[in-house]
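Here is a short briefing to read alongside the structure. Keep the viewer open and follow the topics in whatever order suits you.

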Amino acid sequence: MSTSQTAPIAFLKGHGTENDFVIVPDPDNAIDLPPRAVAALCDRRAGVGGDGLLHVVRSAAHPEARAMAGEAEWFMDYRNADGSIAEMCGNGVRVFARHLQRAGHVEAGDLAVATRGGVKRVHLSKGTGGSKRTGGSEEIGGSEGVDGSEALDGDITVHMGRALLPGGDGVSVSVGDRSWPARNVNMGNPHAVAFVDDLAHAGNLLSAPAVTPSSAYPDGVNAEFVVDRGPRHLAMRVHERGSGETRSCGTGACAVAVAAARRDGVDPAVTGSPVTYTVDLPGGRLVITEHPDGSVEMAGPAVIVAEGYIDPVWLETALA
């Protein structure tokens with residue numbers, strides 16, 4: 001967004017298991033989004049507030065996504081809360097898809113979303129009752145509106161692709177005087193997964209945990225702290241690079257499930273059977289399944305909570 005912008009800019013606010021996002025629809029990629037503007041919008045006291053920003057652009061209109069336009073009409077140009085660019089965001093993809101559905105660009109069923117981490121396949125379940133958009137207004141009721149539209153409250157499943165498990169020197173994560181070995185997992189973005197005895201040992205996560213060796217993550221890392229809650233049932237906290245501790249992280253939950261499968265000796269590529277983990281996060285629950293071919297699926301909710309306009313005078317002042 002440039003300071004020459006004079007017209008109000010439409011935005012929405014949404015979340016996936018309380019991982020929240022500012023959404024800026026911009027099909028033609030006409031809005032400039034410098035890091036300072038993103039950071040101002042994501043500021044929780046002086047801006048809209050969010051863990052990140054979803055810039056909604058048609059793939060053909062964005063230079064980083066044109067090569068994917070034949071597979072996916074829409075590109076998720078994702079930014080961290082500090083304005084930095086990120087490859088992927090699992091909760092963000094679900095909220096992105098929910099926005100496309102709510103705006104009438106897609107219907108329940110299958111669609112493809114282009115990201116910097118590649119094209120992600122998404123399935124939107126049909127609603128089962130609740131709030132839905134009917135002719136531009138919200139209405140409470142059953143699974144169909146008066147115009148036949150589906151309720152926008154079903155879970156969304158994202159085919160996250162295959163996890164990569166980079167080799168090299170052992171990775172460790174440290175908070176204060178505690179240190180744990182960590183599994184290096186890449187889900188289109190980098191993760192360091194540490195299994196701990198108590199989630200409180202992760203501290204306040206206001207600053208990034210120390211991760212060594214630094215060469216393992218030249219572009220920074222998301223750090224997950226994980227405890228067991230029962231068979232195939234985990235709980236986690238996460239520090240996301242560029243955002244701090246967040247209430248949820250979809251790619252992080254996938255990385256955690258993949259790391260747990262290796263720890264538990266149930267690698268699907270070895271057993272020939274898929275494995276599913278329930279992952280509890282501070283903001284809700286995600287269900288992660290890894291298949292024998294290495295593909296990972298994530299299922300969970302996504303909600304649009306508000307829409308409005310950004311005041312260009314405020315934005316100009318914020319960037320002054």
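A residue is called buried when its relative accessible area is under 20%, exposed when it is over 50%, and partly exposed in between. Please keep in mind that this is a predicted model. With that cut-off in hand, we can start with a covered helix, move on to paired strands and the nonpolar cores, and finish with one partly exposed threonine.

**Helix α2 and H99**

- Helix α2 covers residues 90-102, which makes 13 residues.
- From its first C-alpha to its last, α2 reaches 19 Å, close to the 18 Å expected at 1.5 Å a residue.
- How many residues of α2 are buried? The count is 13 of 13, and the helix is mostly covered.
- H99 sits in α2, and because its relative accessible area is 6%, under the 20% limit, it counts as buried.
- Leaving aside residues up to four places away in sequence, H99 touches L12, I23, P25, V56 and I304.
- Just after α2 comes G104, with a positive phi of about 85 degrees.

**Strands around T157**

- Strand β9 (residues 156-162) pairs with strand β6 (residues 118-124) in the antiparallel sense, over 4 bridges.
- β9 also pairs with strand β19 (residues 295-300), again antiparallel, over 6 bridges.
- T157 of β9 is a handy residue to follow here: it stands opposite H123, and its bridge partner in β19 is A299.

**Nonpolar cores**

- The largest nonpolar core has 53 residues, and M76, V122, Y277 and I288 have the most contacts inside it.
- Helix α3 (residues 250-263) supplies the largest share of this core, 9 residues.
- A second, separate core has 18 residues, including V173, A194, V196 and A202.
- Back in the largest core, which residues does I288 touch? Beyond residues up to four places away in sequence, its contacts include A253, C254 and A257, as well as V275, Y277, V296 and M298.

**T212 in strand β13**

- T212 belongs to strand β13 (residues 210-212).
- Is T212 buried or partly exposed? It counts as partly exposed because its relative accessibility is 42%, which lies between the 20% and 50% limits.
- T212 touches G170, V171 and S172, not counting residues up to four places away in sequence.
- With S172, the side chain of T212 also makes a polar contact of 2.7 Å.
- A192 lies 20 residues from T212 along the chain, and their C-alpha atoms are separated by 9.8 Å.

Technical notes. Residues numbered from 1 in each chain as written. Predicted model: local features only at pLDDT ≥ 70, side-chain atom pairs only at ≥ 80, totals over all residues. Heavy atoms only, no water. Helix = DSSP H or I, 4+ residues; strand = E, 2+ residues; numbered from the N terminus. Expected span 1.5 Å × (residues − 1). Buried < 20%, exposed > 50% of the residue type's maximum accessible area, 1.4 Å probe, protein only. Contact = heavy atoms within 4.5 Å. Polar contact = N/O pair within 3.5 Å; in protein donor to acceptor, adjacent residues only side chain to side chain. Pairing = 2+ DSSP bridges. Core = buried A, V, L, I, M, F, W, Y, C linked by side-chain atoms within 4.5 Å.
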